[in-house]
Amino acid sequence: MSAGADAANRASELRAQMQYHAHRYHVLDDPEISDAEYDDLLRELVALEEAHPEVVTADSPTRRVGGPVSDAFAPVTHRERMFSLDNVVDEAELRGWEDRLVRVLDRTPVGYACELKIDGLAMSLTYTDGVLTQAATRGDGVTGEDVTANARTIESVPLRLLRDAPALMEVRGEIYMPRSAFDALNAQQAEAGERPYVNPRNTAAGSVRQKDPAVTASRRLSMWVYQIGYLEGAPSLATHTEQMAYVAGLGLPVNPANRRVDDLDGVCAYVTEALAGRHDHDYEIDGVVIKVDHLPAQRTAGFTAKSPRWAVAFKLPPEEKTTLLTDIAVNVGRTGAVTPYAVLEPVFVGGVTVTNATLHNEREAHRKDVRIGDTVVVRRAGDVIPEVVGPVPARRRRGAKVWRMPEQCPFCGNPIILPEGEAKHRCTGGYACPSRLREYLFHFAGRGAMDIEGLGYKTVDLLLSERVIADPADIFTIDGDVLLGFERFGELSVSNLLTAIEAAKDRPLSRLLTALGIRMVGGTVARTLARHFRSLDAILDATEDELAAVDGIGPEIARSVAEWAGDPDNRALVAKLEVAGVRIADPEPEETVDSGLLAGVTLVITGTLSSASRDDARAAVLARGGKVTGSVSSKTSALVAGEAPGSKLAKAEALGIPVLDEAGFARLLAEGPSALEER
């Protein structure tokens, strides 16, 4: 067979696969493959058609903008075609896009508009004399679906514009489901014993297409507007940035993360910032959209068959992929909890190669109906442990095996039990279980606990195998000469580790409490207990009622702490830590802190602080009755910015939220909200 015939056959296969998957994605809202895998098919087809123009067909997916129109809603013909965007995946491809622009425009564009690419459903809104008269999905770019009744239920979509509205305006935007709304919806699904939704994007698309607008209203959808598609009776606007400022002034939601930059170096900096901060938002993003800012230059650049030449989407690394689940194994954690995890065929997702992914517990594995031999969707968002979202039922193999929790611990042979009222199974072997001891020691030395740099899994495994340590207290009596006898340990590495261990002896009581691994005692609870009791001995000697009486400590936490304190082995460990020189009490404060000084104040802390750790800064705010959150919103009172603050600073500035340096933060802690009012 000739090369041309091979190319034609492969192109035909790719088109058939893409047509099938596009139907499942756009019409059924039930995809079998991830966006990244679909993009891979498209990129292969584009490359094949470029190399063999003779195999191009009129119905090729490379010539079509979006998905087919569902027959569930009335068709709407767009006034101006809604194009899709070409993609680039790295800086080289981005600069290649600009090179093509320069050839078309005969000059380098002056300024680009950069926007976060929201992972949602494209929508057009038409306003006549300022009143919303029609909402339509993109559909195939020429014809969409009339979803006006459902769009009216979305709170961020204004039914009437502000000020002097134009005679006729059509805007384009992205309908999305906030992460918080998605999590709340899946919590409801779990309560009802129903199958969870796979991802916010498809859930948003399905919510917009509900026959009953009340269902759409219950899904808490939102929208960002990103473009004017058609405009009559409005002032002359020269740039895309001016257009977005204009529609924002009319009351339409425009993302404050949008930014105009001067050149491609500025675009690259924005992309880097977007990647670093992709989890700082209450919505999913899958890329950055870059547009030529000058509107006359856009008109000169024009369009290809499916995309504008003046805009491109820089795709961020995908965070969901499908792969084969080959087995389900278990791990025993520091509290004895037995957690199942999926053993996967290696898959590159979220910037790393993933071979294992958590299944949380047996109940979750069964609720998701994940079986050995399934093709599954794997998600990795940020630095969290990869998780299996769920199976792809249409690709289930015959004989896929339902998994059950083993009766004995595979590490120590002791029984595995499911305590009454709990979702997690537990190993009954205590710290005789080598897996539990290993995880406990790693947690003890971790950053949120005693923060002993250099004491990671590899070092813990070595010290356990060589019987140098058997419990956390042994860490503080390690003999440097013994370490020098091990491979990988030279004089410098031993000196650094011993220095880190010595520094850990003087950690605050809250850090030690966190490190001890008491069930239900994380950083917040540990700080509350430390502030109230001041010493570990006082906490251990407190009754369950005395513990429960502390503000912020409920009866379940009190019971857990009391049970831990009642175990003779734990008491012996505390005594051994004290003998080893670990501080088990905090000094009395030099001055009394007003616990209500920052009541009603909500801060976000970002960047590196030179005067205190982020944990200590947070504790100082909490001690004064304030709140610290992880993301900037309209409810944020101020942003505390250290070195390298990242995207949160830009968002705070866009929203007009006060920004404090370390000196301003110190003044706020001393004087209270008046320090903000004087800015």
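Me: In this predicted model, how many bridges pair strand E4 with strand E5, and in which sense do they run?

Reply: The pairing of two strands is read from their bridges and their relative sense. Strand E4 (residues 121-128) and strand E5 (residues 131-137) are antiparallel and share 6 bridges. One of the bridge pairs sets Thr128 against Val131 in E5.

Me: What should be noted in the hairpin of E4 and E5?

Reply: A hairpin is read from its loop and from the backbone angles there. In this hairpin 2 residues lie between the strands, and Asp129 takes a positive phi near 50 degrees.

Me: Which strands make up the sheet that contains this hairpin, and in what order?

Reply: The order is read across the sheet, from one edge to the other. Here the sheet is open and has 4 strands, in the order E5-E4-E7-E8, with antiparallel pairing. E5 and strand E8 (222-232) are its edge strands, each pairing on one side only. From one strand to the next, the twist averages 25 degrees. Within the sheet, E4 is joined by 8 bridges to strand E7 (residues 168-176), and these two run antiparallel. Ser124 has Arg172 as its bridge partner in E7.

Me: Which helices pack on that sheet?

Reply: For each helix one reads the strands touched and the angle to a strand. Helix H6 (residues 200-208) packs on the sheet and touches E4 and E7, its direction making about 40 degrees with that of E4. Helix H8 (residues 240-249) also packs on the sheet, where it touches E7 and E8, and its direction makes about 110 degrees with that of E8.

Me: What is the order of the sheet that contains strand E2, and what is its pairing?

Reply: The same reading applies. This open sheet is formed by 5 strands in the order E2-E11-E10-E3-E9, and its pairing is mixed. Strand E2 (87-88) and strand E9 (259-261) are the edge strands, each pairing on one side only. Strand E3 (residues 112-118) pairs with strand E10 (residues 285-292) in the antiparallel sense, over 7 bridges; Tyr112 stands opposite Val292 in E10. H8 lies across E3, E9 and E10 at about 55 degrees to E3. H9 lies across E3, E9, E10 and strand E11 (311-315), running at about 20 degrees to E3.

Me: At what angle do the axes of H3 and H9 cross?

Reply: A helix pair is read from axis distance, angle, handedness and contacts. The axes of helix H3 (residues 91-105) and helix H9 (residues 264-276) come within 11 Å and cross at roughly 145 degrees, and the crossing is right-handed. Glu91, Leu94, Arg95 and Glu98 in H3 meet Leu264, Asp265, Val267 and Cys268 in H9. These contact residues comprise 4 nonpolar, no polar and 4 charged.

Me: How many disulfides does the structure hold?

Reply: The test is the distance between cysteine sulfur atoms. The structure holds 0 disulfides. Cys268 is in none, and its nearest cysteine sulfur, that of Cys114, is 9.2 Å away. Cys268 counts as buried because its relative accessibility is 16%, under the 20% cut-off.

Me: Why is Cys433 not bonded to Cys409?

Reply: The sulfur of Cys433 lies 3.9 Å from that of Cys409, the closest cysteine sulfur, and this is too far for a bond, because a disulfide requires sulfur atoms within 2.5 Å. Cys433 counts as buried, at 0% relative accessibility.

Me: Which residues of helix H22 are buried, and what covers them?

Reply: In helix H22 (residues 614-623), the buried residues include Ala617, Ala619, Ala620 and Val621. Their cover includes helix H17 (523-533), strand E21 (602-606), strand E22 (627-629) and helix H24 (662-671). Just after H22, Gly625 takes a positive phi of about 85 degrees.

Terms used: Residues are numbered from 1 along each chain as its sequence is written. This is a predicted model: local features need pLDDT of at least 70, side-chain atom pairs count only at pLDDT 80 or more; totals for chains, interfaces and linings use all residues. Side-chain values use heavy atoms; hydrogens and water are left out. Axes are lines fitted to C-alpha atoms, for helices over the stretch in contact, and angles run from 0 to 180 degrees between N-to-C directions. A crossing is left-handed if the near helix is turned anticlockwise from the far one by less than a right angle, and right-handed if clockwise. Contact means heavy atoms within 4.5 Å. Ala, Val, Leu, Ile, Met, Phe, Trp, Tyr, Cys and Pro count as nonpolar, Asp, Glu, Lys and Arg as charged, and the others, Gly among them, as polar. Two strands pair if DSSP finds at least two bridges between them. Buried means under 20% relative accessible area, exposed over 50%, partly exposed in between (1.4 Å probe, protein chains only).
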